[in-house]
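Morning, everyone. I have one structure to show today, and I will go through it piece by piece. Please look at the sequence and the model first.

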Amino acid sequence: RFDQSIAAGQESLAITRAFYGPRSLQTAAALYVVGGAHQRKGDLPALKPVANEMLAIVRAPAPATRSSVSPPPDPAKLEVQALGLLASVALQEEDYVKMEAIDRERLDKVRARLPELHGELASTVNDLATAQLMVGDLVAAEANYNEAIRIDVADLGEEHPETLSARENLGNVYFRSKRYDETLRNLDMV
């Protein structure tokens with residue numbers, strides 16, 4: 001099933017490259033679709049070059065070779081998405097210091113473009129907290145998981161899977177901090 005998604009994404013990418021040009025924002029958006037399929041499949045060797053190409057295009061795009069009926073994709077959002085793919089590569093490679101640096105940059109980009117990128121805020125804060133947890137910065141991880149939960153509850157509600165996932169992650173911080181009562185209280189909410 002992943003292979004079908006990847007094949008369809010690559011076909012769309014080839015058409016987009018031919019129509020808009022290889023360094024257009026439309027091509028970067030098509031790369032994100034392909035990269036997301038590789039990410040879901042867990043294919044790091046294929047994901048990494050796609051994410052790097054996407055980021056390079058977004059940071060220095062060429063104008064589209066043809067005009068489009070719809071407006072071009074938002075380069076700031078594409079940059080945040082490319083950084084998210086690269087952070088997931090760092091996570092899979094267990095390079096948590098690199099993941100934390102990428103997620104910090106990603107969070108700065110999201111915060112600079114609020115409110116347009118508000119939808120990216122909670123997941124970016126949650127991902128940064130995960131990197132901080134993995135490098136052992138439990139105080140920062142706790143603060144960021146709490147921020148992600150606050151945003152998720154306000155936007156999605158208490159019972160949404162994203163909220164519950166952030167709460168579960170916060171429980172891991174409490175457990176690693178040997179705060180077992182808080183671990184149990186938090187996990188009861190999940």
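Where does Glu159 lie? Glu159 is in the loop between helix H7, residues 138-156, and H8. This is a predicted model, so please keep that in mind throughout. Is Glu159 buried or exposed? Its relative accessibility is 63%, so Glu159 counts as exposed. To place this loop against another part of the chain, take Tyr96. Glu159 and Tyr96 are 63 residues apart in sequence, and from C-alpha to C-alpha they are 29 Å apart in space.

Now the overall picture. The protein has 9 helices and 0 strands, so along the sequence the pattern reads α-α-α-α-α-α-α-α-α. The C-alpha trace spans about 60 × 35 × 30 Å along its principal axes. There are 190 residues in the protein, and 44% of them count as buried. As for contacts with a separation of 6 or more, 59% are between residues 24 or more positions apart.

Next, the interior. The largest nonpolar core has 26 residues. Which of them touch the most other members? Those are Ala28, Leu31, Met54, Leu78 and Met99. Four helices each supply at least two residues of this core: H2 (25-41), H3 (44-59), H4 (75-92) and H5 (96-112). Met54 is a useful one to click on. Setting aside residues up to four places away in sequence, Met54 touches Ala28, Leu31, Tyr32, Leu78, Gln81, Ala82 and Leu85. There is also a second, separate core of 11 residues, with Leu121, Leu128, Ala148 and Ile151 among them.

One polar side chain to look at is Gln26, which lies in helix H2. Is Gln26 buried or exposed? Gln26 counts as buried because its relative accessibility is 14%, and the cut-off for buried is under 20%. What is Gln26 in contact with, leaving aside neighbours within four places in sequence? The list is Thr16, Tyr20, Ala64, Ser68, Pro72 and Pro73.

On to helix packing, starting with H6 and H7. Their axes are 8 Å apart and the packing angle is about 155 degrees. That angle is over 145 degrees, and H6 is therefore roughly antiparallel to H7. The crossing of the two is left-handed. On the H6 side, the contact uses His118, Leu121, Ala122, Val125, Asn126, Leu128, Ala129, Thr130, Gln132 and Leu133. These meet Leu138, Ala140, Ala141, Asn144, Tyr145, Glu147, Ala148, Ile151, Asp152 and Asp155 of H7. By class, the contact of H6 with H7 has 12 nonpolar, 5 polar and 3 charged residues. Leu121 and Leu128 of H6 appear in this contact, and both also belong to the second core. Ala148 and Ile151 of H7 likewise appear in the contact and in that core.

Helix H6, residues 118-135, also packs with helix H8, residues 161-176. Here the angle is about 20 degrees and the axes are 11 Å apart. Why are H6 and H8 called roughly parallel? Angles under 35 degrees count as roughly parallel, and H6 and H8 therefore qualify. H6 passes H8 in a left-handed crossing. From H6, the contact involves Asn126, Thr130, Leu133 and Met134. From H8, it involves Ala166, Asn169, Asn172, Val173 and Arg176. The residues of this contact divide into 4 nonpolar, 4 polar and 1 charged. Asn126, Thr130 and Leu133 take part in the contact with H8 and also in the contact with H7.

Last, some backbone points in the loops. Most residues other than glycine have a negative phi, and most peptide bonds are trans. Which residues does a cis peptide bond join? They are Leu114 and Pro115, with omega at about 5 degrees. Pro115 is placed in the loop between H5 and H6.

Glu94 has a positive phi, near 60 degrees, and is not a glycine. Glu94 sits in the loop between H4 and H5. With a relative accessibility of 56%, Glu94 counts as exposed.

Lys178 has a positive phi of about 60 degrees, and this residue is not a glycine either. Where is Lys178 found? Lys178 is in the loop between H8 and helix H9, residues 180-189. Lys178 is exposed, with a relative accessible area of 60%.

That is what I have on this one.

How values were computed:
Residues are numbered from 1 along each chain as its sequence is written. This is a predicted model: local features need pLDDT of at least 70, side-chain atom pairs count only at pLDDT 80 or more; totals for chains, interfaces and linings use all residues. Side-chain values use heavy atoms; hydrogens and water are left out. Axes are lines fitted to C-alpha atoms, for helices over the stretch in contact, and angles run from 0 to 180 degrees between N-to-C directions. Angles under 35 degrees count as roughly parallel, over 145 as roughly antiparallel, 65 to 115 as roughly perpendicular and the rest as oblique. A crossing is left-handed if the near helix is turned anticlockwise from the far one by less than a right angle, and right-handed if clockwise. Contact means heavy atoms within 4.5 Å. Ala, Val, Leu, Ile, Met, Phe, Trp, Tyr, Cys and Pro count as nonpolar, Asp, Glu, Lys and Arg as charged, and the others, Gly among them, as polar. A nonpolar core is a set of buried Ala, Val, Leu, Ile, Met, Phe, Trp, Tyr and Cys residues joined through side-chain atoms within 4.5 Å. Buried means under 20% relative accessible area, exposed over 50%, partly exposed in between (1.4 Å probe, protein chains only).
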